[in-house]
Amino acid sequence: MQDMLQAILDQVRPLLSQGQVAQYIPALAEVDPHQLGIAICSLDGQLHCAGDARTPFSIQSISKVFSLVQAISHSGEEIWTRLGYEPSGQAFNSLVQLEVEKGRPRNPFINAGALVICDINQSRYATPALSMRDFVRHLCGNPRIVSDAVVAESEYQHRARNAAMAYLMQAFGNFHNEVDAVLRSYFHHCALSMSCVDVARGFAFLANSGYCPHSGAQILSPRQAQQVNAIMATSGLYDEAGNFAYRVGLPGKSGVGGGIVAVVPGRYSICVWSPALNASGNSLAGMRVLELLSERITGSVFSAVP
Ligand code: DON
């Protein structure tokens, strides 16, 4: 496995100069684009790594899965009165549908949907940012995970689009807490700094019917874990969800920090990271790594079990 991972990274390395690191968050624009890492957590307890697998990066929208899981674990099906689980076919930060659909976001992975989920969690926890940080530490078995205050502040200073979404939803009666406080929590979650190893370990429960092998906790029921995987498969990569299903064929979630996490139910959780993005805001090299991995090692959820 190790040699195969190294060979895939070597094959993909020429792509590193083709994408562009996220420019709209100044703190992310400074990240060196020539980094590439992968970690695979196998449910039999093995960890396989290659490249920059232990370098922390900004998880950004990957955090939307953790927020959703928190919300499902305390409010269950009730959350779907506030948002949907249909793919949007739009950019992650688009405002267009939100106005037409009266402030009800299509799904929890576009920014509008993640903000509603953060609003739900804001009503539930006294200190939402700390609750999230501790939840993630517990899932990964790493008590040193922190949120990068410089990245969070940089996002807050450039919050206009996210603030516009939150206020639009407030105008439609679908936002209950103070907008600024929820934005602060949301940016704190996005700015969590984690390595591929952390993220792969943190998603193992979704490959394992909701049971976290590191903490020994049942995080979600098997049915709920399956549902989160389904939403990742249909909406995890925004307007590229179809392309990702076609090329990789796994439930996945990307972030503008260049991370992509993928789940092979019953077998693996995987995180690949490379900061340079394609036009849809997904890691350009990361997409290719996962495509080769699915061809050579993991298979796709749309194929017979290899
Ligand atoms: O709110 C934002 O725009 C960022 N904090 C997160 C966006 C993101 O990661 C989208 N994923 N590809």
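The following exchange covers the ligand site of a predicted model and some residues around it.

User: What are the ground rules for the numbers?

Analyst: Residues are numbered from 1 along each chain as its sequence is written, and side-chain values use heavy atoms, with hydrogens and water left out. Since this is a predicted model, local features need pLDDT of at least 70 and side-chain atom pairs count only at pLDDT 80 or more, while totals for chains, interfaces and linings use all residues.

User: Which residues surround the ligand most closely, and what makes a residue count as near?

Analyst: The shell has 15 residues, and the closest are Y24, Q60, S61, E155 and Y186. A residue is near a molecule if one of its heavy atoms lies within 4 Å of it.

User: What makes the pairing of E155 with the ligand a polar contact?

Analyst: A polar contact is a pair of N or O atoms within 3.5 Å; within protein, one must be able to donate a hydrogen and the other to accept it, and residues adjacent in sequence count only if both atoms are side-chain atoms. A polar side-chain atom of E155 is 2.5 Å from a nitrogen atom of the ligand, so the pair falls within the 3.5 Å limit. Y186 places a polar side-chain atom 2.6 Å from a ligand oxygen atom, and a polar backbone atom of G281 is 3.3 Å from a ligand nitrogen atom. The protein covers 99% of the 340 Å² of accessible area that the ligand has on its own (Shrake-Rupley method, 1.4 Å probe; for residues, only the protein chains shown count as cover).

User: How do you know that S61 belongs to a binding site?

Analyst: That comes from the UniProt record, an unreviewed entry, which places the feature "binding site" at S61, N111, E155, N162, Y186, Y238 and V256. Such annotations may be inferred rather than shown by experiment.

User: Why is S61 called buried?

Analyst: Buried means under 20% relative accessible area, exposed over 50%, and partly exposed in between (1.4 Å probe, protein chains only). S61 has 7% relative accessibility, so S61 counts as buried. S61 sits in the loop between β3 (57-58) and α3 (63-75), where helices (H or I, at least four residues) and strands (E, at least two) are DSSP runs numbered from the N terminus. The side chain of S61 also makes a polar contact with that of K64, at 2.9 Å.

User: Why does V256 get the label buried, and what does V256 touch?

Analyst: The relative accessible area of V256 is 7%, and therefore V256 is buried. V256 lies in the loop between β8 (252-254) and β9 (259-264). Not counting residues up to four places away in sequence, V256 touches A22, Y24, I25, L28, Q60, F92, L277 and G281, contact meaning heavy atoms within 4.5 Å.

User: What makes L28 buried?

Analyst: L28, in helix α2 (residues 26-29), has a relative accessible area of 6%, so L28 is buried. Beyond neighbours within four places in sequence, its contacts are V21, A22, S58, Q60, V151 and V256.

User: Why is N278 counted as buried?

Analyst: N278 is at 18% relative accessibility, so N278 counts as buried. N278 lies in the loop between β10 (268-273) and α14 (284-298). Its side chain makes a polar contact with the side chain of E240, at 3.0 Å.

User: Which residues of α7 are buried, and what covers them?

Analyst: In helix α7 (residues 149-157), the buried residues are V151, A152, S154, E155 and Y156. Their cover includes α2, β3 and α9 (179-190).
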